[in-house]
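This report walks through one protein chain and the ligand bound to it. The sequence and the structure come first, and the description follows.

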Amino acid sequence: MKILDAIESRRAKRMLSDKKIEETALKRVMQAAHLAPSCFNNQPWRFMLASEGESLEVLRSALTKGNIWALTAPTLIAVGTRYEEDCQLPEQRDYALFDTGLAVGNLLTQATAEGLIAHPMAGFDPKKVKEAFHLDDDFVLITVIALAYPGEASELNEAQKKLEHGERVRVELESVVSFNGSPKVFAKKENS
Ligand SMILES: Cc1cc2nc3c(=O)[nH]c(=O)nc-3n(C[C@H](O)[C@H](O)[C@H](O)COP(=O)(O)O)c2cc1C
């Protein structure tokens with residue numbers, strides 16, 4: 001699969017299969033994440049994969065109500081970092097979240113190329129997970145990713161059912177990308 005094909009066909013789907021994910025595919029997905037670039041090659045990302053046992057139970061129990069569809073996923077991946085693990089430069093340029101996001105981007109693309117759904121979630125209780133995983137206050141638990149083959153098994157509400165087959169929604173490219181535009185293109189708008 002060409003990279004743009006994988007990027008274009010990746011969607012945050014919720015209809016999942018509970019089929020176990022092939023070990024070799026899982027390794028490639030995580031290797032893709034780990035090959036991401038990072039400031040000073042600091043590699044600040046930490047991935048806690050759970051396909052069985054207490055870790056999986058904890059992650060499942062931490063999901064918010066709106067994310068119960070993710071209980072079907074055979075693998076959940078908690079992703080986090082610490083600011084001190086990466087460059088911290090003036091003007092709020094803390095790179096740990098950014099670089100971890102780059103790694104997650106690779107993960108999502110490779111998962112799509114493997115025929116998997118990889119759906120990142122912010123809807124979970126970070127305190128619960130951090131306590132159970134013995135993570136300190138400085139650890140930022142950014143997302144839990146549901147990883148699964150596509151399927152039929154998840155519980156979806158009406159809004160989620162609609163989204164499942166809905167159009168991809170994005171603002172116009174020109175509203176977020178300036179192609180040789182004025183330097184003021186993204187200046188804060190004054191209240192007039
Ligand atoms: C950081 C992050 C948090 C998200 N949290 C949730 C979530 O808790 N539950 C959910 O169903 N989808 C969640 N999503 C999925 C987004 O809603 C989805 O990516 C977005 O609507 C765009 O759709 P697409 O990924 O299919 O292009 C999250 C995505 C990201 C990147």
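## Nonpolar cores

The largest nonpolar core holds 25 residues, and Leu-59, Leu-76 and Met-121 are the ones that touch the most other members. Five elements give two or more residues to this core: strand 1 (46-50), helix 3 (53-62), strand 2 (75-82), strand 5 (117-121) and strand 6 (139-148). With five residues, strand 6 gives the most to this core. A second core, separate from this one, has 19 residues, among them Ala-33, Val-104, Leu-107 and Ala-111.

Leaving out residues up to four places away in sequence, Met-121 touches a run of residues from Thr-143 to Ala-146 that includes Val-144 and Ile-145, and also Ile-142. Its other contacts under that count are Leu-63, Asn-67, Trp-69, Ala-70 and Leu-76.

## The chain as a whole

The model is predicted. Its chain has six helices and six strands. Read from the N terminus, the order of these elements is α-α-β-α-β-β-β-α-β-α-β-α. Along the principal axes, the C-alpha atoms fill a box of roughly 50 × 40 × 40 Å.

Of the 192 residues in the chain, 39% are buried. The chain exposes about 12300 Å², and carbon and sulfur atoms supply 54% of that area. Among contacts between residues at least 6 apart in sequence, 77% join residues that are at least 24 apart.

Two such pairings across the sequence can be given by residue. Ala-62 lies in helix 3, and at 4% relative accessibility Ala-62 counts as buried. The C-alpha atom of Ala-62 is separated by 6.7 Å from that of Val-129, a residue 67 places apart from Ala-62 along the chain. Besides Val-129, Ala-62 touches Phe-124, Asp-125 and Lys-128, when residues up to four places away in sequence are not counted.

The other pairing starts from Lys-19, in the loop between helix 1 (3-9) and helix 2. Lys-19 is partly exposed, with a relative accessible area of 48%. Between the C-alpha atoms of Lys-19 and Pro-74, which are 55 residues apart along the chain, the separation is 6.5 Å. Not counting residues up to four places away in sequence, Lys-19 touches Pro-74 and Tyr-149.

## The ligand site

Which residues come nearest to the ligand? Of the 13 residues around the ligand, they are Arg-11, Arg-14, Asn-67, His-119 and Ala-122. By class, this shell has five nonpolar, three polar and five charged residues. Asn-67 is also one of the residues that Met-121 touches.

The table gives polar contacts between the protein and the ligand.

| Residue | Protein atom | Ligand atom | Distance |
|---|---|---|---|
| Pro-120 | backbone N or O | nitrogen | 3.2 Å |
| Arg-168 | polar side-chain atom | oxygen | 3.2 Å |
| Arg-170 | polar side-chain atom | oxygen | 2.9 Å |

On its own, the ligand has 620 Å² of accessible area, and the protein covers 61% of it.

## Loops and backbone angles

Most residues other than glycine have a negative phi. Two residues in loops of this chain do not follow that pattern.

For Gln-43, phi is near 50°, a positive value in a residue other than glycine. Gln-43 lies in the loop between helix 2 (23-34) and strand 1. Is Gln-43 buried, partly exposed or exposed? Gln-43 is partly exposed, because its relative accessible area is 26%, which falls between the limits of 20% and 50%.

Gln-92, likewise not a glycine, has a positive phi of about 60°. The loop that holds Gln-92 runs between strand 3 (88-89) and strand 4 (93-94). Gln-92 is exposed, because its relative accessible area of 79% is over 50%.

Ser-38 is found in the loop between helix 2 and strand 1, and Gln-43 lies in that loop too. At 14% relative accessibility, Ser-38 counts as buried, because the value is under 20%. A polar atom of the Ser-38 side chain lies 3.1 Å from the backbone nitrogen of Asn-42. Once neighbours within four places in sequence are set aside, Ser-38 is in contact with Gln-43, Pro-44, Trp-45 and Asp-99.

Terms used
Residues numbered from 1 in each chain as written. Predicted model: local features only at pLDDT ≥ 70, side-chain atom pairs only at ≥ 80, totals over all residues. Heavy atoms only, no water. Near = heavy atom within 4 Å. Polar contact = N/O pair within 3.5 Å; in protein donor to acceptor, adjacent residues only side chain to side chain. Areas by Shrake-Rupley, 256 points an atom, 1.4 Å probe, with all protein chains shown as cover. Nonpolar A, V, L, I, M, F, W, Y, C, P; charged D, E, K, R; others polar. Helix = DSSP H or I, 4+ residues; strand = E, 2+ residues; numbered from the N terminus. Buried < 20%, exposed > 50% of the residue type's maximum accessible area, 1.4 Å probe, protein only. Contact = heavy atoms within 4.5 Å. Core = buried A, V, L, I, M, F, W, Y, C linked by side-chain atoms within 4.5 Å.
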